[in-house]
Amino acid sequence: STSSAVTPTARVIAIANQKGGVGKTTTAINLATALAATRRNVLIIDLDPQGNASTGLGIDRASRATNIYHVLMGEASLSDTAITTDIPGLTVVPSGVDLSGAEIELIDFDRREHRLRDALAGSLESFDYVLIDCPPSLNLLTLNALVGADAVLVPLQCEFFALEGISHLVKTIERVRQAFNPGLVLQGIILTMFDKRNNLSDQVAADVRDFFGDKVYNTVIPRNVRVSEAPSHGKPVLLYDMKCSGSEAYLHLASEVLKRERDLRT
Ligand code: ADP
Ligand code: MG
């Protein structure tokens, strides 16, 4: 063949913020689902020991027996642990309870910051996007995500302390860029849990836009009870209630992400 086409390779996006409860997992699940709905092949890696992304996608405990912990420890490959979901185009590498001990166990390992990157290397051709759902901490797990990623998407909750700690995250990204992963970019900021009845939400959104400029997505994810109900049904909100404001927002976000990714590549 005369084809010299570059092998397609996944874009890896870490969804990170060391604060808990800001919408990382919700964004990972629903952005992934929305991207899969546009016929992209998407992998979610659940890198949080709490396993909320796995639960929220209806992955039962038995299917998590081999999980991302074993990948990080070098006992399994990503493809050994990947589970295809009911959602066409969406695959998950689940988390497991052992993951909470991984940080300490990895201390003596070679290239302990590169474990996930090395594991991903063999799997990138199978996917268009890999979304990594990070734990609520800037620990070695999150460091593995940042070293393995091309880009970081940061959800910020529209509440008073939204920007608190964000300089620490930005500095961490900068350090990872210098020490391990020069190509890492801040892909974007997504405002979550916006409450239109609350003036504070407007104020916070304006402050975040002042601070981060056009890194902030135009799409804002509203606070919507359907979004919070969906995980208990083991479903992304897009399958639980396709017409609710939360679903619409995540579809909108996906199209903005795709546009931004196209612009970054050209
Ligand atoms: P994180 O992964 O950053 O800890 P989650 O995505 O788990 O945050 O969200 C924290 C909680 O807020 C969860 O109970 C989730 O269902 C809820 N939640 C997230 N986004 C929304 C939203 N847009 N509207 C209502 N509830 C939300
Ligand atoms: Mg989470």
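Me: Which element gives the most to the shell around ligand 1?

Reply: That's α1, with three residues. The helix labels come from DSSP runs numbered from the N terminus (H or I, at least four residues, for a helix; E, at least two, for a strand). By the way, this is a predicted model, so local features need pLDDT of at least 70 and side-chain atom pairs count only at pLDDT 80 or more, while totals for chains, interfaces and linings use all residues. Residues are numbered from 1 along each chain as its sequence is written, and chains are lettered from A and ligands numbered from 1 in the order in which they are written.

Me: How many residues surround ligand 1, and which are the closest?

Reply: There are 18 around ligand 1, and the closest are Lys 24, Thr 25, Thr 26, Val 227 and Ser 228. To be near, a residue needs its C-beta atom, placed from the backbone, within 6 Å of the molecule. The elements giving two or more residues to that shell are α1, β7 (185-194) and α10 (225-229).

Me: How do the residues of that shell around ligand 1 divide?

Reply: Ten are polar, six nonpolar and two charged. Here Ala, Val, Leu, Ile, Met, Phe, Trp, Tyr, Cys and Pro count as nonpolar, Asp, Glu, Lys and Arg as charged, and the others, Gly among them, as polar.

Me: Back to α1. What makes α1 and α12 roughly perpendicular to each other?

Reply: The axes of α1 and α12 (residues 245-265) come within 9 Å and cross at roughly 70 degrees. An angle of 65 to 115 degrees counts as roughly perpendicular (under 35 is roughly parallel, over 145 roughly antiparallel, the rest oblique). So α1 and α12 get called roughly perpendicular.

Me: And which hand does the crossing of α1 past α12 have?

Reply: Right-handed. That label goes with a near helix turned clockwise from the far one by less than a right angle; anticlockwise would be left-handed.

Me: How do you know that α7 is largely enclosed by the rest of the structure?

Reply: Nine of the nine residues of α7 (residues 140-148) are buried, so the label fits. Among them are Leu 140, Asn 144 and Gly 148. Buried means 20 or more other C-beta atoms within 10 Å of the residue's own, exposed means 12 or fewer, and partly exposed is in between.

Me: Why is Pro 94 called buried?

Reply: Pro 94 has 26 other C-beta atoms within 10 Å, so it makes the cut of 20 or more. Pro 94 lies in the loop between β4 (90-93) and α5. The C-alpha atoms of Pro 94 and Asp 46 are separated by 5.2 Å, although these residues are 48 apart along the chain.

Me: Gly 96: buried or exposed?

Reply: Buried, because Gly 96 has 20 other C-beta atoms within 10 Å and the rule asks for 20 or more. Gly 96 is also in the loop between β4 and α5. Its C-alpha atom is separated from that of Phe 160, 64 residues along the chain, by 33 Å.

Me: What makes Gly 165 partly exposed?

Reply: Gly 165 has 13 other C-beta atoms within 10 Å, which puts it between the two cut-offs, so partly exposed it is. You'll find Gly 165 in the loop between β6 (151-157) and α8 (166-179).

Me: Why does Leu 264 count as exposed?

Reply: Leu 264, found in α12, has 12 other C-beta atoms within 10 Å. The exposed class takes 12 or fewer, so Leu 264 goes in.

Me: What is phi of Arg 39, and where does Arg 39 lie?

Reply: Phi of Arg 39 is near 70 degrees, a positive value in a residue other than glycine. Arg 39 lies in the loop between α1 (24-37) and β2 (42-46). With 9 C-beta neighbours inside 10 Å, Arg 39 counts as exposed.

Me: And phi of Arg 111?

Reply: Near 50 degrees, again a positive value in a residue other than glycine. Arg 111 lies in the loop between α5 (99-106) and α6 (115-121), and its 11 C-beta neighbours inside 10 Å make it exposed.

Methods. Axes are lines fitted to C-alpha atoms, for helices over the stretch in contact, and angles run from 0 to 180 degrees between N-to-C directions.
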